[in-house]
Amino acid sequence: MTQTCSPLDPDIWLNDLFRSKAAMRGEVIRRKVRDIERFVGWEAFRAELDRRGFRAVENSGQIVIFCNQAPIRPV
């Protein structure tokens with residue numbers, strides 16, 4: 001899905017997301033799927049993940065973003 005109408009600039013949204021305290025410490029953050037679709041769009045979101053070397057998973061309408069490059073092991 002592409003970006004929809006939003007009063008917030010996609011670059012500002014992404015910058016705010018990845019400058020959060022948890023993201024800066026290399027921890028895990030999460031956002032609603034609808035927020036990513038509304039504020040930035042999937043293409044830009046995935047491009048930023050790739051640029052940073054981060055990964056994310058989706059579950060039940062939530063995106064969990066691993067703000068580091070450590071391996072992910074299913075449990």
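Let's start at Asp35, a residue of helix α3, which spans residues 33–39. The model you are looking at is predicted. Its protein chain holds four helices and three strands, and the notes below go from single residues to the chain as a whole.

**Asp35 in α3**
- Asp35 has a relative accessibility of 17%, and because buried means under 20%, this residue counts as buried.
- Leaving aside residues up to four places away in sequence, Asp35 touches Trp13 and Val40.

**Helix α1 and its cover**
- Trp13, one of those two partners of Asp35, is also among the buried residues of helix α1, which covers residues 10–18.
- The full buried set of α1 is Pro10, Trp13, Leu14, Leu17 and Phe18.
- Viewed down the axis of α1, these buried residues fall within an arc of 115 degrees, so they line one face of the helix.
- A general point helps here: an α-helix has 3.6 residues a turn, so residues three or four places apart point the same way.
- The cover over the buried residues of α1 includes the helices α2 (21–24), α3 and α4 (42–52).
- Strands β1 (28–32) and β3 (62–66) also belong to that cover.
- Where α1 starts, a side-chain oxygen of Asp9 comes to within 2.9 Å of the backbone nitrogen of Asp11.

**Phe54 in a loop**
- Phe54 sits in the loop between α4 and β2, the latter being residues 55–59.
- Is this loop residue buried or exposed? Phe54 is buried, with a relative accessible area of 14%, because the cut-off for buried is under 20%.
- Not counting residues up to four places away in sequence, Phe54 touches Phe18, Leu49, Phe66, Cys67 and Asn68.
- One of these partners, Phe18, is a buried residue of α1.
- Phe54 and Gly26 are 28 residues apart along the chain, and 9.6 Å separates their C-alpha atoms.

**The chain as a whole**
- Along the sequence, the elements follow the pattern α-α-β-α-α-β-β.
- The radius of gyration is 12 Å, close to the 11 Å that the globule rule gives for 75 residues, so the protein chain is as compact as a globular protein of that length.
- Taken along the principal axes, the C-alpha atoms fill a box of roughly 35 × 25 × 20 Å.
- Of the 75 residues in the protein chain, 33% are buried.
- Among contacts with a separation of 6 or more, 58% join residues 24 or more positions apart.
- The protein chain exposes about 5300 Å², with carbon and sulfur atoms supplying 50% of it.

Definitions and conventions: Residues numbered from 1 in each chain as written. Predicted model: local features only at pLDDT ≥ 70, side-chain atom pairs only at ≥ 80, totals over all residues. Heavy atoms only, no water. Helix = DSSP H or I, 4+ residues; strand = E, 2+ residues; numbered from the N terminus. Buried < 20%, exposed > 50% of the residue type's maximum accessible area, 1.4 Å probe, protein only. Contact = heavy atoms within 4.5 Å. Arc of directions from axis to C-beta. Polar contact = N/O pair within 3.5 Å; in protein donor to acceptor, adjacent residues only side chain to side chain. Rg over C-alpha atoms; globule rule 2.2 N^0.38 Å. Areas by Shrake-Rupley, 256 points an atom, 1.4 Å probe, with all protein chains shown as cover.
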